[in-house]
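Please look over the model shown here. The report that follows takes up a few residues, a core and a ring pair.

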Amino acid sequence: MDERDVNPPPATPQRGGVGLFLTKVAGALILVILAGLIVIWGIERYVAERLTPDPTTIARASLDGLREQNRLSAFAARYVAVVTSRQSQLGFSAERTLIMPGMVRYEVDLGKLRQQDVRWDAGSRTLSVTLPPVEVDGPQVDLAAIREYGSGGVLTTFTDAEQRLDAANRTAGQVELMRQARAPAPMKLARDATRRAVERSFAMPLRAAGVDASVKVRFSDEPSNDERWDTTRTVEEVLGNAR
């Protein structure tokens, strides 16, 4: 019997099987690494979304807070009307002069604010707010400070001329107070005061949350300039796309 038949030579390992095994191990490692990277990316994104303040969310909360105020009065002014009325009758004449002080408040109806009136421009990091027009409320006449002067003699003694002249003066005095209140100069002061108040209402929460942004406020009855008021997205649109 041949010795080679009794003790056969040891089997030689197949190189192809080892290579296939190593390839599978490498592929599994790559998949594990990719899965780990995806998990890490997901965690970072979750943390960023939870911890990074969203300007649109802050702006929406500020908008809701302003609406709850209903009306905002950031400016008031005191005016004095001086009017004179005359009447002639039966060859006699009478004249009465009225000095009427009154207070006028300038208000904005915040209940008219809509989501589309607040726009966030992520490129310039600017929050643009469009307010309803400023309304003049009043006048609140200071009755204790009213002064009336006049002369008429016979006509005011024997007729009701004095009462009619005083009534005409009071009506004309209120008209004069409103005319002064709606003049360009006080209306500009009222808009500027309201603009500053609303800018603070939106800017302070953004600043407190660490958001670096600017706030610009205009009124709907003001002429629009060339800024990007109509190209930005409203807060409602941004929130809708985020859902």
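Which strand holds valine 108? Valine 108 lies in strand 2, which covers residues 92–109. The model is a predicted one.

## Valine 108

Is valine 108 buried or exposed? Its relative accessible area is 0%. The cut-off for buried is under 20%, so valine 108 counts as buried.

Beyond its neighbours within four places in sequence, valine 108 touches Asn70, Arg71 and Leu72. Its contacts also include Pro132, Pro133 and Val134. Thr194 and Phe219 complete the list. The C-alpha atom of valine 108 is 8.7 Å from that of alanine 74. Along the chain, these two residues are 34 residues apart.

## Glutamate 107

Glutamate 107 is also found in strand 2. Its relative accessible area is 8%. With the limit at under 20%, glutamate 107 is therefore buried.

Which side chain makes a polar contact with that of glutamate 107? The partner is arginine 71, at 2.6 Å. Arg71 is also among the contacts of glutamate 107 outside its neighbours within four places in sequence. The others are Leu72, Ser73, Pro133, Val134, Glu135 and Asp137.

## The aromatic pair

How many aromatic pairs does a search of the whole structure find? The search finds 1. Phenylalanine 75 and tyrosine 106 form this pair. Their ring centres are 5.4 Å apart, and the planes meet at 45 degrees. The arrangement is tilted.

Phenylalanine 75 sits in strand 1 and tyrosine 106 in strand 2, so the pair ties together parts 31 residues apart in sequence. Tyrosine 106 has 0% relative accessibility and therefore counts as buried.

## The largest nonpolar core

Tyr106 appears again in the largest nonpolar core, which has 38 residues. It is one of the residues with the most contacts inside this core. Leu127, Val129, Val198, Phe202 and Val215 are the others.

Which elements each supply at least two residues of this core? The helices are helix 3 (55–69), helix 5 (161–181) and helix 6 (184–208). The strands are strand 1 (71–89), strand 2, strand 3 (118–121), strand 4 (126–131) and strand 7 (214–219). Helix 6 gives the largest share, 7 residues.

Take Val215 as one of the residues with the most contacts in the core. Leaving aside neighbours within four places in sequence, valine 215 is in contact with Leu127 and Val129. It also touches Glu199, Phe202, Ala203 and Leu206.

How values were computed. Residues are numbered from 1 along each chain as its sequence is written. This is a predicted model: local features need pLDDT of at least 70, side-chain atom pairs count only at pLDDT 80 or more; totals for chains, interfaces and linings use all residues. Side-chain values use heavy atoms; hydrogens and water are left out. Helices (H or I, at least four residues) and strands (E, at least two) are DSSP runs, numbered from the N terminus. Buried means under 20% relative accessible area, exposed over 50%, partly exposed in between (1.4 Å probe, protein chains only). Contact means heavy atoms within 4.5 Å. A polar contact is a pair of N or O atoms within 3.5 Å; within protein, one must be able to donate a hydrogen and the other to accept it, and residues adjacent in sequence count only if both atoms are side-chain atoms. A nonpolar core is a set of buried Ala, Val, Leu, Ile, Met, Phe, Trp, Tyr and Cys residues joined through side-chain atoms within 4.5 Å. Rings of Phe, Tyr and Trp (its six-membered ring) pair if their centres lie within 6.5 Å; planes under 30 degrees apart count as stacked, over 60 as edge-to-face and the rest as tilted.
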